[in-house]
Amino acid sequence: MPSDSQALTARGLSKRFGALRVLDDITLDVVGTSAVGIVGPNGAGKTTLLDLLAGATPADSGSVSLSGRDVSGLGAAARCRLGIGRTHQVPRPFGGMTVFENILVAATMGGRLRGSSANDNSLRALDATGMLELGNRRADTLGLLDRKRLELARALATGPSVLLLDEIAAGLTEPETDELVEHIKQLHAAGLTIIWIEHVVHALLRVAERLICLASGTIIADGGPQAVMNDPAVVDAYLGSAV
Amino acid sequence: MSVQRWTRVSLLFSGATAGIVVILALVPFWFGPNTTEKLTELFVLIILAAMWNALAGYAGLVSIGQQAFIGIGAYAVIVFTDHGINGYVAVVLAALFSGLISLPISLLVFRLRGGQFAIGTWVVAEIFRLLVTNDQSIGGGTGRSLDALNIYAPADRQAYTYWVALALMTALMLASFVLLRSRLGGALQAIRDDERAAESVGVPVARAKRIVFLLAAVGCGAAGAITMANTLTVTPDSIFGIQWTAYMIFMVLLGGLGTFEGPVLGALVLFGVQQEFQGSGSWYLVGLGAVAIAVTLVFPRGLWGALVDRFNIRLMPVGHTLRTLVSRRSES
């Protein structure tokens with residue numbers, strides 16, 4: 001496989017919080033325009049992995065490259081400007097701003113757009129997530145589904161090449177989840193590389209072409225979704241954690 | 001679907017503001033030094049309110065130490081004029097010098113967040129007060145008076161001071177309007193609401209904060225320098241005093257934190273209360289506190305915030321509205 005098709009690469013990522021080893025020597029290659037799902041029991045280190053990829057938390061060791069460029073030394077803002085977009089598990093809206101302004105910040109800062117191209121891009125992100133009607137609402141008045149959609153719209157407005165989704169379906173009802181999955185499927189079809197952490201596995205399986213299972217900070221299975229779900233080690237990890 | 005920033009009301013208002021500035025510029029021809037001295041005090045209050053609002057209301061940087069820059073501005077005028085610089089040139093230079101000093105200070109205080117940042121800025125202000133108090137070359141604890149402006153006749157001097165104050169206020173208000181309207185304004189509000197999320201959408205957090213901190217330092221330095229030229233005398237305890245921060249918080253909360261127009265309204269209210277009750281001793285302070293409590297209880301978003309909620313008006317538009325949605329929102 002030619003290296004230029006590698007959208008995101010992690011080599012030997014490790015992270016400790018005090019005595020707790022959260023991630024241990026994670027190596028991961030994500031091919032451009034693919035959709036990768038990450039599952040694993042609570043405490044497996046999934047969100048920490050996302051934070052290390054996005055630069056929100058510095059890794060103790062290891063490196064991250066985006067399209068072959070080493071971004072290990074860069075913080076979250078710089079990585080975002082280079083094309084790593086992310087959503088947060090617990091939505092983090094800019095509560096004092098309108099929905100449109102939330103997205104506009106992402107377009108002007110992460111997407112480095114100005115003037116009408118920033119406006120147009122923001123409107124497209126609103127449209128792609130079905131939020132056009134909410135543009136003038138203050139973000140702190142939104143319910144959970146809209147907050148999650150705002151997370152997605154904001155990440156999109158930064159113009160990412162790789163999109164990291166952190167449990168975007170958690171806490172949503174079935175129809176709400178279906179709606180979000182449709183948005184994500186369209187984004188994937190449009191050529192975006194997606195890495196998606198999710199506990200709601202049936203939602204994940206509708207998009208992911210490849211599944212990775214994390215447990216206790218290491219990758220215990222990696223491959224086709226069905227093969228991973230049937231892997232005895234994966235079944236063990238889930239049963240063992242009493243999920 | 002289009003993005004709207006200016007409305008007819010806000011365009012009209014901006015035109016009217018330009019007219020008001022022109023009229024204000026003519027005041028020294030019609031009124032005496034008493035009036036221009038009072039109005040100069042008002043300009044100082046407006047500058048301070050706008051600067052604290054840009055810091056706390058837009059960027060979430062709740063500083064209770066901006067008096068550091070007020071004092072640096074005032075004392076810089078003395079030091080510059082001691083070196084033979086013209087008094088009014090020194091006022092402008094002092095404002096810029098204050099901004100320069102804010103850059104190394106930002107390296108220190110930006111390591112702190114929230115309440116720690118607030119206390120940290122206060123500590124910085126106290127350090128400057130102590131440094132000045134212990135420096136006999138600029139008058140030590142007893143303070144100094146500004147002699148460089150005595151080359152002008154008193155009436156002329158008061159008019160010149162007034163014009164310099166008006167010019168600086170106008171320039172600073174314009175600068176903060178342009179800054180808060182720009183894409184950086186949005187970035188600052190994002191930082192205020194959630195710093196980590198702001199980083200995740202590409203906001204260069206430290207740089208954005210530093211720019212607004214610099215603006216506020218220049219503004220507060222200008223306020224201190226103008227106060228120096230207006231009162232001609234200064235003591236470290238008063239110019240580096242925490243009461244400046246109390247005034248700033250009062251004006252901004254009363255007028256409307258995080259609105260562009262509110263702090264100006266708050267400055268007008270504080271100025272009015274000061275003129276009316278300043279002679280009444282401690283009852284004046286009781287009155288200020290009572291007004292602040294009453295307004296924040298009845299109008300939690302400040303006087304201007306309440307007006308915006310009620311009538312949906314914006315005179316100085318720093319935000320964005322999606323056009324076809326305006327009618328829909330007012331229906332709901």
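User: I have this model open and my eye goes to the aromatic rings. Which residues do ring pairs link into a cluster with B:F29?

Analyst: Good place to start! Ring pairs join B:F29, B:Y88, B:Y152, B:Y160 and B:W163 into a cluster. Please keep in mind that this is a predicted model. Over all chains, the count comes to 13 aromatic pairs.

User: How do I read the geometry of one such pair, say B:F29 and B:W163?

Analyst: Look at the distance between ring centres and the angle between planes; an angle under 30 degrees is called stacked, over 60 edge-to-face, and the rest tilted. The centres of B:F29 and B:W163 lie 5.5 Å apart with planes at 50°, so this pair is tilted. The two residues come from distant parts of the chain: B:F29 sits in helix 1 (residues 8-30) of chain B and B:W163 in helix 6 (residues 154-181) of chain B, 134 residues apart.

User: Are those two rings buried or exposed?

Analyst: Here the cut-offs help: buried is under 20% relative accessible area, exposed is over 50%, and partly exposed lies in between. B:F29 has 59% relative accessibility, so it counts as exposed. B:W163, at 28%, is partly exposed.

User: Which other pair could I look at, and what is its geometry?

Analyst: Try B:F43 and B:Y162, which form a tilted pair with 5.3 Å from centre to centre and 45° between the planes. This pair also links distant parts of the chain, with B:F43 in helix 2 (residues 33-58) of chain B and B:Y162 in helix 6 of chain B, 119 residues apart. Both B:F43 and B:Y162 are buried.

User: Helix 6 of chain B keeps coming up. What does B:Q158 touch?

Analyst: B:Q158 belongs to helix 6 of chain B. With a relative accessible area of 7%, B:Q158 is buried. Leaving out residues up to four places away in sequence, B:Q158 touches B:P33, B:T36, B:E37, B:T40 and B:N230.

User: Now for a whole helix. How many residues of helix 7 of chain B are buried?

Analyst: A useful general idea comes before the count. An α-helix has 3.6 residues a turn, so residues three or four places apart point the same way. In helix 7 (residues 183-193) of chain B, eight of the eleven residues are buried, so this helix is largely enclosed by the rest of the structure. The buried residues are B:L184, B:G185, B:G186, B:A187, B:L188, B:Q189, B:A190 and B:I191.

User: And what do the buried residues of helix 7 of chain B pack against?

Analyst: This is where both chains come in. The partners are helix 3 (99-109) of chain A, together with helix 2, helix 6, helix 8 (195-200) and helix 9 (205-231) of chain B.

User: What about residues outside the helices? Where is B:S63, and is B:S63 buried or exposed?

Analyst: B:S63 lies in the loop between helix 2 and helix 3 (67-82) of chain B. At 0% relative accessibility, B:S63 counts as buried. Beyond its neighbours within four places in sequence, B:S63 contacts B:W52, B:L55, B:F117, B:T121 and B:T245.

User: And the start of the chain: which residues is B:S2 in contact with?

Analyst: B:S2 is in the segment before strand 1 (3-4) of chain B, and is partly exposed at 32% relative accessible area. Setting aside neighbours within four places, B:S2 is in contact with B:T321, B:L322 and B:R323. For B:S2 and B:L322, the C-alpha atoms are 5.7 Å apart, although the residues are 320 apart in sequence.

User: Let's zoom out. How many helices and strands does each chain have?

Analyst: Chain A has nine helices and ten strands. Its radius of gyration is 17 Å, close to the 18 Å that the globule rule gives for 243 residues, so chain A is as compact as a globular protein of that length. Chain B has 15 helices and four strands. Its radius of gyration of 20 Å agrees with the value near 20 Å for a compact globule of 332 residues.

User: What share of each chain is buried?

Analyst: In chain A, 56% of the 243 residues count as buried. In chain B, buried residues make up 52% of the 332. For the surface, chain A exposes about 9,400 Å², with 52% from carbon and sulfur atoms, while chain B exposes about 14,600 Å², with 68% from carbon and sulfur atoms.

Note on methods
Residues are numbered from 1 along each chain as its sequence is written. Chains are lettered from A and ligands numbered from 1 in the order in which they are written. This is a predicted model: local features need pLDDT of at least 70, side-chain atom pairs count only at pLDDT 80 or more; totals for chains, interfaces and linings use all residues. Side-chain values use heavy atoms; hydrogens and water are left out. The radius of gyration is taken over C-alpha atoms; the globule rule is 2.2 Å times the number of residues to the power 0.38. Buried means under 20% relative accessible area, exposed over 50%, partly exposed in between (1.4 Å probe, protein chains only). Accessible areas come from the Shrake-Rupley method with a 1.4 Å probe; for residues, only the protein chains shown count as cover. Rings of Phe, Tyr and Trp (its six-membered ring) pair if their centres lie within 6.5 Å; planes under 30 degrees apart count as stacked, over 60 as edge-to-face and the rest as tilted. Contact means heavy atoms within 4.5 Å.
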